[in-house]
Amino acid sequence: CLTEELDDEGRMTEKEEILILPAATTLASCMRLGSTNRQRIVSAIHTLFNALAVNRIGAPATAVTRRTIRISRNVILALSQLAQLYKDAEVTSLVVSMLCAPRFINSPPLVALAIQCAANVATIAQRQVFIDIVSAALKRITFGKDADDAANSSAGLTLTTLAWNVATRKDVVEDFFCVTLRSFIDSSVATAVAPKFKRRAVTPLSVYLPIIHTLVSAEGYAIDMEATAEQISLWRNFWFHMVVRGYLTEKSYVTAFGKTYATLAAKSPILVHPSSVNYLETEIEYNSILQREYSDASLAQLRQALAPIVSSQSQALLRNVSFPQAAFLLSVYNVEIARAASGNCATVLRYFSNSAVTSSSLLPAIE
């Protein structure tokens, strides 16, 4: 059914197209794990992908017809089903490479299904294959003049569902979180900020924050207590960006995402790693996110936001605080205020036992 019953021109009948998925399911169900059987199923997968999806569907490679799309969708579903039923590392890796092939992932009619099926396979994938799947899905999220809102929303929903499905897998949750947070920052920095939140707008915030929120709520997430210097730097970039863009203060954004902000703050580590001793100011001043966001107007806005919350003894410092320093102080303030509102008033004390902070000129302002 899968390979041999094509007509004289290499085309399948409609009946044969319908049988692709159940045939693939039956094939996987009838095989059992073993070196010989693995080679048989790998060979069958190659045949399925090459013969049905590429060479023998009866249309030129550049032609996109309803028929080729229908067959390709069936092949995507069949490949995903084979991997999920067989549960073998080599088979899973092979299927993922096929699902993420340009033929599927670069085709607008097929990309959503390819990402969804790859995400289904990801739940049984080993760590590196899992991250490859997540990275492939994140690359399909784009903003700007060529943005596809439907594709962005679909990818965001698929990754949010995947985050729920792997919530207990500590081996992948933290990597999933880091690659997603990094992708959000890169996408959002490159996207113009809207002065007000628009309910129906598809933006980096609306696509990424549900994924990130789900991941920090997962049982396998522990970055808040065991963060590396790299993870803290990533979190700090996130909060810098949110502060500078005004997402934490503009009422419409706070109304839309306030609960998510509170959860993220509660799960955020403190924004300084002890290894930054003697280098904290340098790390902040040369932060790439802040360098891209700087303007005189932004500096004035941040200083104005600091004025009501800085102690009277530190008001003199405010006149000389730099843009990166202001962003850092406001980030710490917003995170710790939200964390305290959730009932945790103790974490802020870690700043005062952190050698990088106590040796910094920012200590008076933080106090």
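Here are some friendly notes on the structure above, which is a predicted model.

1. **The overall picture.** Start with the fold as a whole. The protein chain has 20 helices and zero strands. It is 367 residues long, and 49% of these residues count as buried. The chain exposes about 17,700 Å², with carbon and sulfur atoms supplying 53% of that area. Take the contacts between residues at least 6 apart in sequence: 76% of them join residues at least 24 apart.

2. **Helix 12.** Find residues 229–244, which make up helix 12. From the first C-alpha to the last, this 16-residue helix reaches 22 Å, close to the 22 Å expected at 1.5 Å a residue. How many of the residues of helix 12 are buried? The count is 13 of the 16, so helix 12 is largely enclosed by the rest of the structure. After the helix comes G246, a residue with a positive phi, near 80 degrees.

3. **Helix 18.** You can look at residues 323–341 in the same spirit. Helix 18 has 19 residues, which should span 27 Å at 1.5 Å a residue, and its end C-alpha atoms are indeed 27 Å apart. Helix 18 is mostly covered, with 14 of its 19 residues buried. Following helix 18 is G343, whose phi is positive, near 110 degrees.

4. **Aromatic rings.** The model has 13 aromatic pairs. Why does the pair F238 and W239 count as edge-to-face? The planes of the two rings stand at 70 degrees, and the cut-off for edge-to-face is over 60. The ring centres of F238 and W239 are 4.9 Å apart. Both F238 and W239 are buried. Another edge-to-face pair is Y247 with Y253, where the centres are 4.9 Å apart and the planes meet at 65 degrees. Y247 is buried at 5% relative accessible area, and Y253 is buried at 6%.

5. **An aromatic cluster.** F238 and W239 also belong to a wider group. Together with F177, F184, Y208, Y221 and W235, they form one aromatic cluster. Try selecting these residues in your viewer.

6. **A buried aspartate.** Next, find D88 in the loop between helix 3 (66–86) and helix 4 (89–99). Is D88 buried or exposed? Its relative accessible area is 6%, and under 20% means buried, so D88 is buried. What does the side chain of D88 have beside it? A polar atom of that side chain lies 3.1 Å from the backbone nitrogen of V91.

7. **Cysteines.** The structure holds zero disulfides. Two cysteines to look at are C117 and C178: C117 counts as buried at 3% relative accessibility, and C178 is buried with a relative accessible area of 11%.

8. **L306 and its contacts.** Finally, go to L306, which sits in helix 16 (residues 296–306). L306 is buried, with a relative accessible area of 2%. Which residues does L306 touch, leaving aside neighbours within four places in sequence? Its contacts are L318, V321, A326, L329 and L330. L306 and A327 are 21 residues apart in sequence, while their C-alpha atoms are 9.4 Å apart in space.

Notes: Residues are numbered from 1 along each chain as its sequence is written. Side-chain values use heavy atoms; hydrogens and water are left out. Helices (H or I, at least four residues) and strands (E, at least two) are DSSP runs, numbered from the N terminus. Buried means under 20% relative accessible area, exposed over 50%, partly exposed in between (1.4 Å probe, protein chains only). A polar contact is a pair of N or O atoms within 3.5 Å; within protein, one must be able to donate a hydrogen and the other to accept it, and residues adjacent in sequence count only if both atoms are side-chain atoms. The expected span of a helix is 1.5 Å times one less than its number of residues. A disulfide is a pair of cysteine sulfur atoms within 2.5 Å. Contact means heavy atoms within 4.5 Å. Accessible areas come from the Shrake-Rupley method with a 1.4 Å probe; for residues, only the protein chains shown count as cover. Rings of Phe, Tyr and Trp (its six-membered ring) pair if their centres lie within 6.5 Å; planes under 30 degrees apart count as stacked, over 60 as edge-to-face and the rest as tilted.
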